[in-house]
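Visitor: I should like to learn how to read salt bridges and pockets in a protein model. Could we take the features one at a time?

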Amino acid sequence: MSTGAPHGTGTDDARRAVAAAVRDWRDRLLALSHSLHDEPEIALAEHRSAAKIADLLADAGFTVTRGVAGLPTALVAARGSGDLVVAFCAEYDALPDIGHACGHNVNGAAAVGAAIGLAAVADELGLTVKLIGTPAEEDIGGKALLLEAGVFDDVAAAMMVHAAPDDTVGASSLAIGAWDITYRGTPAHAAVAPWEGVNALDAMTLAHTALGLLRQQLPPGAVVHGIVTDGGQAVNVIPARTGARYEVRAPTLEELARVRQKVRACFEAGALATGAELELRVHGRDFAELCQDPYLTDAYVRAAGSLGRSVASRQGETLASTDMGNVSRLLPAIHPTIGYDTGGAKQHTPEFAAYGKSPGADLAVLDGATALALTGAELAGSATQRRRLIEGMAARRTRP
């Protein structure tokens, strides 16, 4: 491992090398973004998507490990041998039915481009560059699982950009947790002897109504939403089983725990009132609120500004939810948004997905890649920041 002081400080030569590397891979990066968009794969089924990213990085000279942490669609790719490890997180899962309506094809391709761009100066700046392929952000939280498995243990800083209608930095996000809910009752003929049944759908209806009433008493920033996944088996049979998935959001993990108890009581009320049996199962990992690093944020604003982008500060505001929050609670991280024209459409809509291969989205891939890589180069060139991050990584290793 190289431990010498870096030769560059975000110099013009380093900046030019980063930008040139992204330009050299322009066609492959945009082809990757378009291919991910054309073949959307949902959480933990991103086999083709992960393979496309792994193959491109192998071609770019990275050492690629596929299927890390027991997740077949997770990967780690690395170049360089410096003591400062900078990681870029690539997302590539899509949403059911509406594809890349969150723009993860842009996110993933930009992260790949950033890794390639920064790797061009890794030896000069004493860096190890990692691309961490993080599946299932839209579901169980791949980054949280990879954190638990130790994949981020040697990472000093982690970065990514997220597709959006505008360029922003500094926002937080809501902590989130999900439950799979099942009520089990007793079937009976719906006309001949309904009184002999225990109606699991009634239990779900009561819980849903209780949640609607609870919303008036929820603290600011708390959100509850869900879908019924199983409403019964036959219209002429008292439903013996119903299912749902609900998510609870709150400004922090600590507040999430308190709100969750109130939500749980609503589901327990449905069971109590009908006699149905309730089963609550945690779905995936809780996502923590996002805590963006001030230095990395400022460096990213400078880098994006050098590309002609005007980046708005959203300090004090919240995004939706992201498992990048879990990463940011343990190590310095940023999660800015990279903007392009979406015709006014917001994420998680088919209209937003329709812009995922537009010229604006393509520019977002290239600018996002370059801005992230330039941020890493500036970071590596600062003796003060380098020391801060390396000491922080060492401190994390000594914690229980």
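Visitor: Is Arg66 buried, partly exposed or exposed?

Guide: This is a predicted model. A residue counts as partly exposed between 20% and 50% relative accessible area; Arg66 has 45% relative accessibility, so Arg66 is partly exposed.

Visitor: With which residue does the side chain of Arg66 meet in a salt bridge?

Guide: A salt bridge requires a side-chain nitrogen of Lys or Arg within 4 Å of a carboxyl oxygen of Asp or Glu. Here the partner is Asp55, at 2.8 Å from N to O. Asp55 is in helix H3 and Arg66 in strand E1, 11 residues apart. Asp55 is likewise partly exposed, at 37%.

Visitor: Which residue forms a salt bridge with Asp83?

Guide: Arg386 does, with the closest N and O atoms 2.8 Å apart. Asp83 lies in the loop between strands E2 and E3 and Arg386 in helix H13, so the pair ties together parts 303 residues apart in sequence. Asp83 is buried, with a relative accessible area of 18%, and Arg386 is buried as well, with 7%.

Visitor: How many salt bridges are there by this rule?

Guide: The count comes to 27. A network of salt bridges links Glu39, Glu41, Arg48 and Lys52.

Visitor: How much space lies in the largest pocket?

Guide: Rolling a probe the size of a water molecule over the atoms reveals where empty space is left. In this model the largest pocket holds about 1,200 Å³. Its lining comprises 40 residues, of which Glu138, Arg249, Ala320, Ser321 and His348 are the closest to the centre. By class, the lining has 16 nonpolar, 13 polar and 11 charged residues.

Terms used: Residues numbered from 1 in each chain as written. Predicted model: local features only at pLDDT ≥ 70, side-chain atom pairs only at ≥ 80, totals over all residues. Heavy atoms only, no water. 1 Å grid on protein atoms, 1.4 Å probe; cavity = no way out; pocket = protein on both sides within 12 Å on 5 of 7 lines; lining within 4 Å. Points joined across faces, edges and corners; volume = space filled by probe spheres on them. Nonpolar A, V, L, I, M, F, W, Y, C, P; charged D, E, K, R; others polar. Helix = DSSP H or I, 4+ residues; strand = E, 2+ residues; numbered from the N terminus. Buried < 20%, exposed > 50% of the residue type's maximum accessible area, 1.4 Å probe, protein only.
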